[in-house]
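Hi,

Here is the structure I promised to pass on. Have a look at it first, and my notes follow underneath.

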Amino acid sequence: MLPAAANPVFSWVLRISLVAAAVAGICFALRPKPLVYTDIQTLQTTGSQSLVRLKAVVTYSDDNPRMLFLQDATGALQIQNPPERAFSPGDEVQLDQDTAATRPLEVSGGVLQSGPELSIKMIGTKKQLRVQPADLSAL
């Protein structure tokens, strides 16, 4: 009986296993990594070609037409046709795009077009809304 290292079948199986492991490691390292936005300003200025996750406070909600306005410390965002769920001003929500989404969210002029890949869940209620004067000097 030949030792395992001298067995040609074992040698080929070992080589194929090592190559397969190396290829799998390279593929894992090169996979696209989704970008996750954490605030509204970044989402609006960087674009909508990536996945979205942010936390914000509802400032306005309407069922007809379905729309939702969100605000965080960096800006505000209108969502047209949000998933059907009743939200009230002051509700803290988390907005997530499904990681299996096949198309990017469309953001244009501060308006986000909602689709089935978007979920909005309430994570808190009745946050104190603070009204701050706008700085119009840059206009």
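A quick definition before anything else: by contact I mean heavy atoms within 4.5 Å. With that in hand, start at S114, which is in contact with I79, Q80, N81, P82 and P83 once its neighbours within four places in sequence are left aside. S114 and P82 are 32 residues apart in sequence, yet their C-alpha atoms are 5.5 Å apart in space. S114 sits in the loop between β6 (111-113) and β7; helices (H or I, at least four residues) and strands (E, at least two) are DSSP runs, numbered from the N terminus. S114 is also buried, at 14% relative accessible area. For that word, buried means under 20% relative accessible area, exposed over 50%, and partly exposed in between, with a 1.4 Å probe and protein chains only.

Some housekeeping: this is a predicted model, where local features need pLDDT of at least 70 and side-chain atom pairs count only at pLDDT 80 or more, while totals for chains, interfaces and linings use all residues. Residues are numbered from 1 along each chain as its sequence is written, and side-chain values use heavy atoms, with hydrogens and water left out.

Now the overall picture. The chain has two helices and seven strands, and from the N terminus the order is α-α-β-β-β-β-β-β-β. Of its 139 residues, 27% are buried. Among contacts with a separation of 6 or more, 58% are between residues 24 or more positions apart. The chain exposes about 9700 Å², and carbon and sulfur atoms supply 59% of that; the areas come from the Shrake-Rupley method with a 1.4 Å probe, and for residues only the protein chains shown count as cover.

Next, the strands. I say that two strands pair if DSSP finds at least two bridges between them. β1 and strand β2 (residues 66-72) run antiparallel and are joined by six bridges, one of which has D62 partnered with M67 in β2. These two strands form a hairpin with two residues between them. β2 then goes on to β3, again antiparallel and with six bridges; here Q71 has A76 in β3 as its bridge partner. β2 and β3 also make a hairpin, with two residues between them.

β1 pairs with β4 too, in the antiparallel sense over five bridges, and the partner of V57 in β4 is E92. On top of that, β4 pairs with strand β7 (residues 118-124), antiparallel over six bridges, with V93 matched to M122 in β7. Five of the six residues of β4 are buried, so this strand is largely enclosed by the rest of the structure.

How many salt bridges does a search of the whole structure find? It finds one, between the side chains of D96 and R53 at 2.5 Å, N to O. D96 lies in strand β4 (residues 92-97) and R53 in strand β1 (residues 53-63), so the pair ties together parts that are 43 residues apart in sequence. The criterion is a side-chain nitrogen of Lys or Arg within 4 Å of a carboxyl oxygen of Asp or Glu. D96 is buried, with 12% relative accessible area, whereas R53 counts as partly exposed at 44%. Not counting residues up to four places away in sequence, D96 touches V52, R53, E117, L118 and S119.

Just ahead of that strand, D91 lies in the loop between β3 (75-80) and β4. D91 is buried, with a relative accessible area of 4%. A polar atom of its side chain lies 2.8 Å from the backbone nitrogen of S88.

Last, the surface. F10, L14 and L18 make a nonpolar patch of about 290 Å². Patches are made of residues with over 30% relative accessible area and no salt bridge, where like charges are joined within 9 Å and nonpolar side chains (Val, Leu, Ile, Met, Phe, Trp, Tyr) within 5 Å. L14 belongs to helix α1 (residues 8-30) and is partly exposed, with a relative accessible area of 42%.

Cheers

Note on methods: Polar contact = N/O pair within 3.5 Å; in protein donor to acceptor, adjacent residues only side chain to side chain.
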